[in-house]
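Biologist: Got a minute to walk me through this one? I'd like to start with the strands.

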Amino acid sequence: MISINRFISPPKAIRLLCSRYYCNTTTTTTATATKPNISSDNIFTNEKQYDGYRTLTIVKGKESNHESFLLQQLRDNVPNCGWNKSKSPFIIVGNLSPWTIKQFQLKKHGITNKDGDDNNSNNSNQDHKPFCGFAQQILPNSILVENKSLKQIVEYASEHIIASVKNCNYKKWRIHILSPQGYIRTRQGKLYSIEQDIVDKVSKTHPSLSKLFNHQATKNQKEIIPFEDQETLVQILFTSNHSKKASAYISVSTPPIIDYLSNIQNHIPAGQIIEFTSHVKENLLKLFVGDSDNKRNIHIDHIISSKQMDPLSITQEIEDSVQDHLIEKFIPSRSYLKLLEMEIRYPQFFKMLPNQLVADLGSSPGGWTLYSLSKGCKVVSIDKSPLDAKYFDFSDKKLHFLEQDAFEFNEPPHTIPFDWLIIDMKVPPKKTLELLEIWLKEKRCKHFVVNLKYLKSDFIQETNRFIQANIMPNCTFINAHCLDTSGDYELTLFGTNKHEIK
Ligand SMILES: C[S@@+](CC[C@H](N)C(=O)[O-])C[C@H]1O[C@@H](n2cnc3c(N)ncnc32)[C@H](O)[C@@H]1O
């Protein structure tokens with residue numbers, strides 16, 4: 001049996017990540033905020049409960065060349081923390097100070113601290129939640145275990161989980177196993193049994209924990225199951241997984257941490273949508289074949305006839321094709337997939353509904369316009385170049401295309417608002433953001449999905465500052481993600497306007 005103290009004063013066997021950046025328990029308990037006097041599982045009433053929060057490890061974005069963007073965003077968005085590149089280009093290691101989490105928790109519950117700052121924030125809590133668009137997944141509160149057998153890793157993980165229960169109540173927990181490159185398919189590898197082994201081990205000391213284990217979310221690889229309220233996420237990131245000499249970061253994110261990091265931490269294992277092509281096929285089958293109740297969209301009928309498809313062979317063709325062929329044959333552009341990915345990743349945010357009004361700026365050849373029309377929306381589609389006529393029936397009253405500069409599209413306020421502003425223009429990110437700011441302030445849109453296309457030379461700090469100073473204050477919700485289906489230097493920013501729109 002390994003004592004949990006070993007996690008606090010690590011022996012050689014287990015090396016806690018240490019650098020000059022990391023807070024220790026002593027420094028974190030010097031916090032000056034008053035103790036909250038309300039009862040909530042999410043508020044730590046005892047400062048010692050912060051002991052568990054020590055380190056933070058980030059899995060890369062899509063590519064190792066995102067490292068510098070990632071570092072910059074972390075430094076800009078997670079206050080008072082330190083970040084270092086690790087040996088692996090996929091991982092950046094840093095600390096998230098317990099103080100930061102504590103401040104967030106106090107603010108969230110509107111508690112005044114000793115310094116007299118009234119934190120009774122009428123502002124959205126989102127203002128205080130960091131976002132970091134180039135992070136694919138984040139592993140807070142990690143410990144590093146090196147060159148151990150899988151059995152020992154199970155023991156360390158179990159100890160870490162049990163320790164977290166002492167810090168914070170939770171109603172459910174799940175385990176995600178991952179590698180720096182992505183998700184490990186545990187069913188096929190030696191790691192298959194590790195989750196069950198951890199559950200068994202934990203149950204011996206803490207029998208009630210086995211009942212709280214979320215089997216469905218842990219084992220289900222096809223369906224993406226969002227975190228539940230008060231759920232804890234255990235992540236094990238294997239940096240080497242030989243059965244006798246494995247190395248891994250073990251991370252336990254309790255509900256308060258998940259809450260604080262909700263804009264960065266992902267409910268999808270390793271932040272990667274596995275088998276994305278099958279999602280694409282499912283979407284296209286629904287559109288092009290549908291079911292008996294489902295009347296086909298007018299534009300889909302148009303595509304079938306303009307591309308001279310044989311309706312009887314469409315199902316087979318979709319099922320048999322690789323992704324590139326599907327894009328070429330069935331949709332106007334690869335960009336269509338970005339909105340499909342948004343729908344899968346952020347189902348609570350990104351849900352276009354029938355008859356909602358969409359402004360699509362930079363719409364040609366028409367992927368995003370077709371996506372919006374396929375959801376039954378009315379679309380004002382604007383580009384300097386025309387839409388690809390093979391994909392659109394222009395007799396449809398729901399489609400209004402304007403061949404013009406999108407920066408000059410300036411509808412008078414009484415004809416708006418739009419439910420969705422979607423922008424995918426090939427212009428410098430700052431220009432897109434300035435346009436977004438105007439749309440938000442002038443209450444032209446309720447929600448937005450905006451693709452920022454960086455050049456390698458673009459200075460991300462400048463756009464980050466612009467987002468923080470000019471976009472975030474106008475939003476009740478904001479988030480960013482470097483989508484799998486986007487280019488290497490693209491960032492998708494999305495959110496909800498704070499200004500009330502009638
Ligand atoms: C990546 S493409 C957009 C792809 C599109 N979202 C889709 O789903 O197919 C970028 C588009 O931005 C358009 N664009 C760039 N600057 C523009 C401007 N000032 N006004 C309107 N469109 C612009 C280009 O003409 C180009 O068609």
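Modeller: Sure. Bear in mind that this is a predicted model. There's an open sheet of seven strands, running β13-β12-β11-β14-β15-β17-β16, and the pairing is mixed.

Biologist: Which are the edge strands?

Modeller: β13 (399-403) and β16 (475-481), each of which pairs on one side only.

Biologist: And how much are neighbouring strands turned against each other?

Modeller: By 10° on average, ignoring direction.

Biologist: Zoom in on β11 for me. In which sense do β11 and β12 pair, parallel or antiparallel?

Modeller: Parallel, over five bridges; β11 covers residues 357-361. If you want a spot to click on, L361 stands opposite I382 in β12.

Biologist: OK, switching to the ligand. Which residues come nearest?

Modeller: S333, S335, G362, G367 and D424, out of 22 residues around the ligand.

Biologist: Which elements give two or more residues to that shell?

Modeller: α15 (367-374) and β12 (378-383).

Biologist: How do the shell residues divide into nonpolar, polar and charged?

Modeller: Nine are nonpolar, eight polar and five charged.

Biologist: Any odd backbone I should look at?

Modeller: A few places. Most peptide bonds are trans, and most residues other than glycine have a negative phi. Here, S364 and P365 are joined by a cis peptide bond, with omega at about 5°. P365 sits in the loop between β11 and α15.

Biologist: What about phi, which residues stand out there?

Modeller: N80 has a positive phi of about 55° without being a glycine. N355 isn't a glycine either, and its phi is positive at about 70°.

Biologist: Where do I find N80, and where is N355?

Modeller: N80 is in the loop between α3 (67-77) and β3 (83-85). N355 is in the loop between α14 (336-345) and β11.

Biologist: Why does N80 count as exposed?

Modeller: Because N80 has 12 C-beta neighbours inside 10 Å, and 12 or fewer counts as exposed. N355 counts as exposed too, because it has 10 such neighbours.

Biologist: Last topic, the inside. Which residues touch the most other members of the largest nonpolar core?

Modeller: I58, A157, A248 and L421, in a core of 112 residues. Helix α5 (residues 150-167) gives the most to this core, namely six residues.

Biologist: Take I58. What does I58 touch?

Modeller: L70, L74, I91, I92, A135 and I138, leaving aside residues up to four places away in sequence.

Biologist: Great, I'll go and look at those.

Technical notes
Residues numbered from 1 in each chain as written. Predicted model: local features only at pLDDT ≥ 70, side-chain atom pairs only at ≥ 80, totals over all residues. Core = buried A, V, L, I, M, F, W, Y, C linked by C-beta atoms within 7 Å. Buried ≥ 20, exposed ≤ 12 C-beta atoms within 10 Å, placed from the backbone. Helix = DSSP H or I, 4+ residues; strand = E, 2+ residues; numbered from the N terminus. Contact = placed C-beta atoms within 7 Å. Near = placed C-beta within 6 Å. Nonpolar A, V, L, I, M, F, W, Y, C, P; charged D, E, K, R; others polar. Pairing = 2+ DSSP bridges. Axes fitted to C-alpha atoms, helices over the stretch in contact; angles between N-to-C directions.
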